[in-house]
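Me: Could you take a close look at one part of this model for me, the largest pocket, and then walk me outward from there to the charged pairs and the odd spots in the loops?

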Amino acid sequence: MTNDITTRLEILHQASMIDDNELANLYKMIELLETRFQIRVVGAVGSMFVSHMAMILVRLRTGDDIAPMNPEMLKQLSKEPGYSRTPEIIEAIYKECGIAVSENESGYVSMHLCTLIMNRGEE
């Protein structure tokens, strides 16, 4: 994790867009990705991932949901490099953070994870 990711998290927190628990869970997610799965959360791609995960956590707190990903997009996503790794990573994130996310969110989380994997830690 780089300073730009830390700064993004702190801005979201200071602006009261995420609460203390959500901030802690985002740090847990990043730590898990970078240590257990060797996926760097950096640069614009890392920022997008962090922002999306922050909004998921907010939706969990408020009881909101998101529309499911278009089935055709999901089919295309399943062909992306790294997609086969996403179920294990998602399960680990949810377990580490003690959260249960709607099925509608999973396609979007997979998409952002694939982008992180393909980015290979480039800033």
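**The largest pocket and its surroundings**

Reply: Bear in mind that this is a predicted model. The largest pocket holds about 190 Å³ of space. Two elements each give two or more residues to its lining, helix H5 (86-97) and helix H6 (103-119). Of these, H6 gives the most, with 5 residues. The lining includes Glu-103, Asn-104, Ser-106, Gly-107 and Ser-110, and also Thr-86, Pro-87 and Ile-90. Pro-68, Met-69, Leu-74 and Tyr-83 belong to the lining too. By character, the lining residues split into 6 nonpolar, 5 polar and 1 charged.

Now for the charged pairs. As a general point, side chains of opposite charge can pair when their charged atoms come close. The count here comes to 4 salt bridges.

Let's start with H6, since you asked about the pocket. Glu-105 makes a salt bridge with Arg-59, and the closest N and O atoms are 2.7 Å apart. Glu-105 sits in helix H6 and Arg-59 in helix H3, so this pair links distant parts of the chain, 46 residues apart. Both partners, Glu-105 and Arg-59, are buried.

Helix H5 has a pair of its own. Glu-88 forms a salt bridge with Arg-36, this time with 3.9 Å between the closest N and O atoms. Because Glu-88 lies in helix H5 and Arg-36 in the loop between H2 and H3, the pair ties together parts that are 52 residues apart in sequence. Neither end is buried: Glu-88 counts as partly exposed because its relative accessibility is 47%, and Arg-36 counts as partly exposed at 48%.

Back on H3, Arg-61 meets the side chain of Glu-22 in a salt bridge (2.6 Å, N to O). Glu-22 is in helix H2 (residues 20-35) and Arg-61 in helix H3 (residues 43-62), with their positions 39 residues apart in the chain. The two ends differ in how they sit: Glu-22 is buried, at 3% relative accessibility, while Arg-61 is partly exposed, at 45%. There's a bit of a network here as well, with Asp-19, Glu-22 and Arg-61 linked by salt bridges.

What about the cysteines? A search of the whole structure turns up 0 disulfides. Cys-97 is in no disulfide, and the nearest cysteine sulfur, that of Cys-114, is 19 Å away. A disulfide needs the two sulfur atoms within 2.5 Å, so this pair doesn't qualify. Cys-114 is likewise in no disulfide, with the sulfur of Cys-97 as its nearest. Cys-97 counts as buried because its relative accessibility is 9%, and Cys-114 counts as buried at 1%.

Last, the loops. Ser-16 has a phi near 60 degrees, a positive value in a residue other than glycine. Ser-16 lies in the loop between helix H1 (3-14) and H2, and with a relative accessible area of 62% Ser-16 is exposed. Gln-38 does something along those lines: its phi is positive, at about 50 degrees, although Gln-38 is not a glycine. You'll find Gln-38 in the loop between H2 and H3, which is also where Arg-36 lies. Gln-38 is exposed, with a relative accessible area of 60%.

Definitions and conventions. Residues numbered from 1 in each chain as written. Predicted model: local features only at pLDDT ≥ 70, side-chain atom pairs only at ≥ 80, totals over all residues. Heavy atoms only, no water. 1 Å grid on protein atoms, 1.4 Å probe; cavity = no way out; pocket = protein on both sides within 12 Å on 5 of 7 lines; lining within 4 Å. Points joined across faces, edges and corners; volume = space filled by probe spheres on them. Helix = DSSP H or I, 4+ residues; strand = E, 2+ residues; numbered from the N terminus. Nonpolar A, V, L, I, M, F, W, Y, C, P; charged D, E, K, R; others polar. Buried < 20%, exposed > 50% of the residue type's maximum accessible area, 1.4 Å probe, protein only.
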